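Work through the exercises below with the sequence and the model open. Try each task before reading its solution.

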Amino acid sequence: MPLMQEDIRQHYEEAWKKIDGAAADENGLTYSSPVEDAVLYPIYQQLLGDLKIGVDGGKVLDVGAGSGRWVRFFLQRFSPALLMGIDFTAASIDLLKKRYENHSRTRTQFRTADLTDPALELAERFDLINVMNVLFHIP
C-alpha cells in the first residue's frame, strides 16, 4: 500500500522529535551522511556563486527544512538577511526554533506550512528557494 501524505507526516513528526531529543548539539541533528555532505556542500556553494544567486544579504527559503540540514548549510557558509524554513511537521519547526531562532547574523523564521496548499502565502519574495529531498514525499 502506498504511503499517503499523512503517513509521511507522522513518520517525520516522530523522527524529528527523536533526533532532537537525542541531540546534545547541532552535530547530533545530522540526517545525512558526512561523506555526502563533504562532497555536496562545496559543489552547491560553488553553483550558487557561479549563478550569482544573492544568498549573502538575500532572502532564502528552505522548503522541507526537517532537522535543519540546509538551514545549517546556509548559516555556516553564507550570511543571508533572512532565512525562512518551512516544513509540514510541527516537530521540525519546534526543533528549528529551539536551535536556530536567535541567530546572531541572520534573521530566521520557521513555520509549519503545506507546500501543496494552493493558498500558501509566505508574505516574502525570495532570492533563493531551496527544495532538497522534498518532492518525492509529495504523493
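## Exercise 1: Two rings in one helix

Trp-70 is buried, at a relative accessible area of 4%. Buried means under 20% relative accessible area, exposed over 50%, and partly exposed in between (1.4 Å probe, protein chains only). Accessible areas come from the Shrake-Rupley method with a 1.4 Å probe, and for residues only the protein chains shown count as cover.

The model is predicted: local features need pLDDT of at least 70, side-chain atom pairs count only at pLDDT 80 or more, and totals for chains, interfaces and linings use all residues. Residues are numbered from 1 along each chain as its sequence is written, and side-chain values use heavy atoms, with hydrogens and water left out.

**Task.** Describe how the rings of Trp-70 and Phe-73 are arranged.

**Solution.**

1. Place the residues. Both Trp-70 and Phe-73 sit in helix H3, three residues apart, about one turn of the helix. Helices (H or I, at least four residues) and strands (E, at least two) are DSSP runs, numbered from the N terminus.
2. Check the cover. Phe-73 is buried, with a relative accessible area of 0%.
3. Apply the ring rule. Rings of Phe, Tyr and Trp (its six-membered ring) pair if their centres lie within 6.5 Å; planes under 30 degrees apart count as stacked, over 60 as edge-to-face and the rest as tilted. The rule gives nine aromatic pairs.
4. Read off the geometry. Trp-70 and Phe-73 are edge-to-face, at 5.2 Å centre to centre with 70 degrees between the planes.

## Exercise 2: The wider cluster

**Task.** Which residues form one aromatic cluster with Phe-73 and Phe-74?

**Solution.**

1. Take the cluster. Tyr-41, Tyr-44, Trp-70 and Phe-78 join Phe-73 and Phe-74 in it.
2. Check Phe-74. This residue is buried, with a relative accessible area of 0%.
3. List its neighbours. Leaving out residues up to four places away in sequence, Phe-74 touches Tyr-44, Leu-48, Val-55, Val-60, Pro-80, Leu-83, Leu-128 and Asn-130. Contact means heavy atoms within 4.5 Å.

## Exercise 3: Helix H3 and the core

**Task.** What covers the buried residues of H3?

**Solution.**

1. Count. Seven of the nine residues of H3 (69–77) are buried. They are Arg-69, Trp-70, Val-71, Arg-72, Phe-73, Phe-74 and Leu-75.
2. Name the cover. It includes helices H2 (34–50) and H4 (90–100), along with strands S1 (59–63), S2 (82–87), S3 (107–112) and S4 (128–131).
3. Find the core. A nonpolar core is a set of buried Ala, Val, Leu, Ile, Met, Phe, Trp, Tyr and Cys residues joined through side-chain atoms within 4.5 Å. The largest has 28 residues; Leu-48, Val-71, Phe-73, Phe-74 and Leu-96 touch the most other members.
4. Trace its sources. Helix H1 (5–22), H2, H3 and H4 each supply at least two residues of this core.
5. Look for another. A second, separate core has nine residues, including Val-63, Leu-82, Met-84 and Ile-86.

## Exercise 4: A threonine in a loop

**Task.** Is Thr-106 buried or exposed?

**Solution.**

1. Locate the residue. Thr-106 lies in the loop between H4 and S3.
2. Read the area. Thr-106 has a relative accessible area of 3%, so this residue is buried.
3. List contacts. Beyond four places in sequence, Thr-106 touches Leu-75, Ser-79, Pro-80, Ala-81, Leu-82 and Leu-83.

## Exercise 5: The whole chain

**Task.** What pattern does the protein follow along the sequence?

**Solution.**

1. Count elements. There are four helices and four strands.
2. Read them in order. The pattern is α-α-β-α-β-α-β-β.
3. Add the cover. Buried residues make up 41% of the 139 residues.
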